[in-house]
Amino acid sequence: MKDLWQRIAAGVLACLVVLGAALWMTNRQNNGTRTDGLFYQASGIHPDAKLLTVDGETVTGEEYLYWLAYGCEYLTSNLGQVDWNASLTDGMTYGDYAKADALETVKLFTVIRQMAEENGISLTEEDQARLQEQKDNYAAYYGGEEAYHRQVELMGVSEEMYDRINATYLMLDHLTDLAVKEGGSLYPAPEDLLSYGDENGYVSARILYLPVTGLDAEAVESRRALAENYVQRLRELDADGAYEMLGQLAADLGMEVPEQDYTFNADTADPAIVSAIAALEEGAVSDVLSTDSGFYVAIRRPLNLSALAQSFFSDQLVQRRQDVQVSFSKLYDTLDAGTFYENLLLQRKELSQQYTDAE
């Protein structure tokens, strides 16, 4: 019996050793092991740490901190000195906002990579050439390849991650082509686009704009009279003739003639202008549409499906980003945006001084 209990105890001990080793390995994998880069020095978070997951895909500390630093830089460049603990809105500080903004970006980039994989998109030789050309241009700007490497190091990110981020932009380009070019695998059916345009209040029109900013009252009235004259001339023509003349009038005014009609809704343009155009029959010429900045003359056009496809795809990306499932590590919860960014600035200053001393 004693031998039996000894064998059982030995077996349990062996299982505990194996379990402990497995837990140690899992913890090591989740927390990361790399200690390179300024992000690690500024935050104590390993670049390869599993900071969070988006629909099961790992977002490393390095990728998230890249976007957190980016967002902090944007805030300081627009606001100057930022108190990261000050309230931006009820329940949200500037530091909270920076973290949330970085989270939304990594969610979007993860969605783009997932959609690229779903649609069989990978980088082409042309894409690789574009990435290399971009590096070459940066190197030329900074004064050589070594100087470029230093700039990347000063950002805090590895070149591998920087390449991964830039590659995601190219994947988005390919996805966009599939979504907005007729015949693409992601291009919606025409009836879906028309339904989307109707539900979201989109209109398409050819626009003539006569600005009045900086003009005195007499000059403004002169512009109004000119716009009313244009309306009368355009209404004397059929739809095709008016469309052609409006382009010529724009050229006579020294304005660039657009290659296609404008497509917009109340979210992207003056609601009053959108409402006035929406009330027109296709091919009809509007009255003079007045705003504080100038006068508009518009010809209602059929909905531009290509322009709608772009908006449709953008909304799909937003919706998919909103629908992802996110899980956070304990490291994420302990990360303080302001402390990280202030430490990063100090680390950058020290590294930059080291480069200067070495010259």
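**Entry 1: strand 5 and its partners**

I began with what counts as pairing, since strands are taken to pair if DSSP finds at least two bridges between them. The model I am reading is a predicted one, and I looked up strand 5 before anything else. Strand 5 covers residues 203-211 and is mostly covered, with seven of its nine residues buried. Eight bridges join strand 5 to strand 8, residues 294-301, and the two run antiparallel. Within that pairing I found S204 standing opposite R301 of strand 8. Strand 5 also pairs with strand 6, residues 262-264, in the antiparallel sense and over three bridges, and here A205 stands opposite Y262.

I then followed R301 away from its strand partner, and noted that its charged end sits over the ring of Y243, 3.8 Å from the ring's centre.

**Entry 2: how far to trust the chain**

I checked the confidence values next, and the mean pLDDT of the chain is 90, with 91% of the residues reaching 70 or more. Residues 14-28 stand apart in my notes, as their pLDDT is below 50 and the stretch has one contact in the model beyond near neighbours in sequence. Where pLDDT is low, the predicted coordinates should not be read in detail, and I left that stretch alone.

**Entry 3: the open sheet**

I traced an open sheet of three strands, which follow the order 2-1-9 with antiparallel pairing. Its edges are strand 2 (57-60) and strand 9 (326-328), each of which pairs on one side only. I read an average twist of 25° from one strand to the next. Strand 1, residues 50-54, is joined to strand 9 by three bridges, and T53 stands opposite S327 of strand 9. Helix 3, residues 61-79, lies across strand 1 and strand 2, and runs at about 60° to strand 2.

**Entry 4: helix 4 and Q114**

Is Q114 buried or exposed? I found Q114 in helix 4, which spans residues 94-118, and its relative accessible area is 12%, so Q114 is buried. Leaving aside neighbours within four places in sequence, I listed its contacts as V54, D55, E57 and R320.

I also looked up K99, which lies over the face of Y332, at 4.2 Å from the ring centre.

**Entry 5: aromatic rings**

I counted 14 aromatic pairs in the structure. The ring centres of W67 and F109 are 5.0 Å apart and their planes stand at 55°, so I entered this pair as tilted. W67 belongs to helix 3 and F109 to helix 4, and the pair links distant parts of the chain, 42 residues apart.

Which parts does the pair of F109 and Y169 tie together? F109 and Y169 form an edge-to-face pair, at 5.3 Å centre to centre and with 90° between the planes. Because F109 lies in helix 4 and Y169 in helix 7, residues 159-180, the pair ties together parts that are 60 residues apart in sequence.

I compared their burial as well: F109 has a relative accessible area of 6% and is therefore buried, whereas Y169, at 40%, is partly exposed. W67 is buried too, as is F109. My last note is that Y66, W67, Y70, F109, Y162 and Y169 form one aromatic cluster.

Notes: Residues are numbered from 1 along each chain as its sequence is written. This is a predicted model: local features need pLDDT of at least 70, side-chain atom pairs count only at pLDDT 80 or more; totals for chains, interfaces and linings use all residues. Side-chain values use heavy atoms; hydrogens and water are left out. Helices (H or I, at least four residues) and strands (E, at least two) are DSSP runs, numbered from the N terminus. Axes are lines fitted to C-alpha atoms, for helices over the stretch in contact, and angles run from 0 to 180 degrees between N-to-C directions. Contact means heavy atoms within 4.5 Å. Buried means under 20% relative accessible area, exposed over 50%, partly exposed in between (1.4 Å probe, protein chains only). pLDDT is the predictor's confidence in each residue, from 0 to 100. Rings of Phe, Tyr and Trp (its six-membered ring) pair if their centres lie within 6.5 Å; planes under 30 degrees apart count as stacked, over 60 as edge-to-face and the rest as tilted. A charge sits over a ring if NZ of Lys or CZ of Arg is within 6 Å of the ring centre and within 35 degrees of the ring normal.
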